[in-house]
Every structure is written in structure tokens, then in C-alpha cells.
Amino acid sequence: MTTRIKDLNTAPNNVGKYLSTQGISRRGFLKFCTTMASMMAVSPTLLPQLVEALENAPRPSVIWLSFQECTGCTESLTRAHSPTVEGLIFDAISLDYHHTLQAASGEAAELAREEAMKAHWGKYLLVVDGSIPLGNPGFSTIAGMSNLDMLLEAAKGAAAIIAAGTCAAYGGIPKANPNPTGAVAVQDLIKDKPIINVPGCPPIPVVITGVLAHFLAFGLPELDSLGRPKAFYGQSIHDRCYRRPFYERGQFAETFDDEGAKQGWCLFKLGCKGPSTYNACATTKWNQGTSFPIESGHGCLGCSEPNFWDAGSFYKALSVPTGDLGKIAGYALAAGGIAGAAAGLLAQHKKGQAIKEHKIVTVNDLEKGNSA
Ligand code: FSX
């Protein structure tokens, strides 16, 4: 990943041509498109359309602003090794301003931002990570300009905004009680531009680039009620978790080192927030598909949800069931495999309904469903 400030006016202004000047073969490009299509849940029949659209898409100017954050979002992106889909898509855009990654500093950096905004007014993509403090403009400034002023100014000329990370999407950790800086999210301030929330603390790199690829090829992605692209946030971690069969059978680890934990049983009782967290960790995983927290033996913390942090209870089960968690296993064992499978289907159905409405489903709900 490199900054593109110096070649702003000389590089081919088309994704396909630009990638070929970067040594990306046609074969590599097609592989990249196939990966993107499966990640975006695009039908295989639309693959040629995706290839053509991406190949001919103009390289968009991207201005990236970082406000109150820990730089984890940028770290997440730059942890990728080459060649990756992340690297490819970042080669495909013209990253004209990113004050953590660019070589320029001080006045030269701000000049680059102003020039890019002027040259691409109305067309550039604005990526924001971090929350915006409203308590006092001096809490966070860049080149003497408050985060609020910089966001309002940059948003005016943007075609769309990507709020990358939970801080930008919902306020995140800076907004956690007692919220000393008066932190707010991008969507609390900007009402007249399309905003795509890509939450996660940090967000999955390949999801950020998947959203960019979708924007390049097809325009704005379909969003859920929390402003997240459905292609990546349409299902809960729990829905796609490889430990899910243990949940259905009522096999739960009780401690991080008991026999259940060693057998890879469900981490629900240890506080896993997979059932109430919508993200793609269980499918895309992290570090080029190596693993994700649950696969490493730790429950999901729910970092891509609006109430992350204040919701807390990282090591407590999602709800305190009125019944006994063991009953779930009881139903399956007592009634035999067929009834157990039927109960599982009913539970799946209830979850399916809840996914559509983005409601939390607890073990308690599933027990009710099973006994209905
Ligand atoms: Fe927030 Fe990102 Fe968490 Fe950190 O930029 S989403 S604290 S990973 O860095 O904004």
C-alpha cells in the first residue's frame, strides 16, 4: 500500500490499466475478482460484470481522515502481506490523503488534501476512522483544525463516506461512558451524504476493501438498518461459527481450560457475543484467512456493534436464561436425533427471522422456540 500523492496527475485513471502498470497480471486480476465476488456474495453469473466494471472503473480519489482512534483501523489494513486483495484494491485507488501513511507532513500534507478535494470535488470518496469530539474543538486537531471542521469541510465535496471502524460508525471506545470528549459518530453529524458504516474495532481489512471494490464496481452497497453493508454484516458471527453444532447440542465450555474448551465446544457461557454480533469474522477470518478470535479459543467481544464497550460483560453469557442451558442438550438427547434435528430447524427458523430484524437471539429464546 502506498500513497499516490505524487502520481496524482500522471497515473492511468482507470483501475484495470493502473493495475497492469503495477505488474498485476490478467490472471491475478481475475483471481482477485473471483475472491471479491464470493466475499460480496455476488452471484457467479455476475462475475463477468464485476470484472468488466472493476477493470473500467475510474480510479477514485480517496481522502482518509483519522480522528479520535487508536490507529488500529489503519494498523489492521497495513498488517496485510503482499499480494493480497487488500493490497490490490489499495493499489486500485488513488489514496490522496492519509496522514498516518503519507510521506508528506505539515503544510505539504494539508495542501495535498486541499488540492485533491478541489480536483475531485463532488467525486472523491471520504474514509473516516475515529470519532469526533464535540466537547471542545481543541480536544483533537489536525494542523490546527478541529476534527469537526475538517469533517464538515471534507464531507461537503465527497460522493460518499465510509465510516471505517466502530469509533467512526458509532462512537466506539472514545464514546464509552463517561464520554469525556463528547465523542460522536460520523452519521451523527453528516446527514446529506451516503454513509457506509464498516464497524469493527478494528474492522476486517478485507471487508474495508470489499466495500471499496463494491463501490468501484456497482456503486453503493445495500445497507442494513445500522448502515452496514449487508453482504458483510448480514449474518451474525454465531450463524457462521464452526462451533455452532456444539451450541445446538448444548455442549458449552464452562472455563477456558476445561475439557469442553479443549474439545472446542461453544463459548457462549464464557461470554461469547457471537449471537448478537453481525460481522464477517467467521467467514473471512483474519490475517489472510488464518483464524479469528473464536477459533483461537476466546469468545467474540461484539466489537462491531453500536454498544460495544459500554455493553461490557465480556465474560458473562448474553442473557441469564430462566431455564437451564442444559435443557437444550436435554431436548435433543431425550427426544432422539430426529426430534433434536427438528428442534434445531425450529431454532434456525427463529434465528432466521431475528436476523432479518437484527434482533438478538438468546438461548432463552431458542428454548421457548424448541418447546413451542
Ligand atoms: Fe476505533 Fe480505529 Fe477501534 Fe482503534 O481507527 S474502531 S479504537 S481499532 O483505531 O477507530
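1. A residue is buried if 20 or more other C-beta atoms lie within 10 Å of its own. That cut-off is used throughout this note. The model is predicted.

2. Strand 1 meets the cut-off along its length. Its residues S61, I63 and L65 point one way, V62, W64 and S66 point the other way, and all are buried. In a regular strand the side chains alternate between the two faces of the sheet. With six of its six residues buried, strand 1 is largely enclosed by the rest of the structure.

3. What does strand 1, residues 61-66, pair with? Strand 2 is one partner, in the parallel sense, over four bridges. Within that pairing V62 has L95 as its bridge partner, and W64 stands opposite H98. Strand 3 is another partner, again parallel, over five bridges. There, L65 has V128 as its bridge partner.

4. The wider sheet is open and has five strands. Their order is 2-1-3-7-9, and the pairing is parallel. Strand 2 (94-98) and strand 9 (195-198) stand at the edges. Each has a single partner strand, so one side of each is left without a neighbour in the sheet. From one strand to the next, the twist averages 20°.

5. Two helices can be placed against this sheet. Helix 6, residues 106-119, lies across strand 1, strand 2 and strand 3 (124-129). Its direction runs at about 135° to strand 2. Helix 10, residues 205-218, packs on the sheet and touches strand 3, strand 7 (158-164) and strand 9. The direction of helix 10 makes about 155° with that of strand 9.

6. Helix 10 deserves its own point. It has 14 residues and reaches 20 Å from its first C-alpha to its last. That is close to the 20 Å expected at 1.5 Å a residue. The helix is mostly covered, with 13 of its 14 residues buried. G219 follows helix 10, and its phi is positive, near 90°.

7. Which residues come nearest to the ligand? Of the 14 residues around the ligand, they are E69, G72, C73, G165 and C167. Helix 4 (72-78) supplies at least two residues of the shell, and helix 8 (166-170) also supplies at least two. By class, the shell has six nonpolar, six polar and two charged residues.

8. Is I237 buried or exposed? This residue lies in helix 12, residues 237-240. It has 26 C-beta neighbours inside 10 Å, so I237 counts as buried. Leaving aside neighbours within four places in sequence, I237 is in contact with G274, T277, N279, C281, A282 and C300. Take C300 from that list. I237 and C300 are 63 residues apart in sequence, yet their C-alpha atoms are 8.1 Å apart in space.

9. Now the chain as a whole. The secondary structure of the protein chain comes to 17 helices and nine strands. Of its 372 residues, 44% count as buried. Take the contacts in the protein chain with a separation of 6 or more: residues 24 or more positions apart account for 74% of them. The contact between I237 and C300 joins residues 63 apart in sequence.

Key
Residues are numbered from 1 along each chain as its sequence is written. This is a predicted model: local features need pLDDT of at least 70, side-chain atom pairs count only at pLDDT 80 or more; totals for chains, interfaces and linings use all residues. Two strands pair if DSSP finds at least two bridges between them. Axes are lines fitted to C-alpha atoms, for helices over the stretch in contact, and angles run from 0 to 180 degrees between N-to-C directions. Two residues are in contact if their C-beta atoms, placed from the backbone, lie within 7 Å. A residue is near a molecule or strand if its C-beta atom, placed from the backbone, lies within 6 Å of it. Ala, Val, Leu, Ile, Met, Phe, Trp, Tyr, Cys and Pro count as nonpolar, Asp, Glu, Lys and Arg as charged, and the others, Gly among them, as polar. A residue is buried if 20 or more other C-beta atoms lie within 10 Å of its own, exposed if 12 or fewer, and partly exposed in between; C-beta atoms are placed from the backbone. The expected span of a helix is 1.5 Å times one less than its number of residues.
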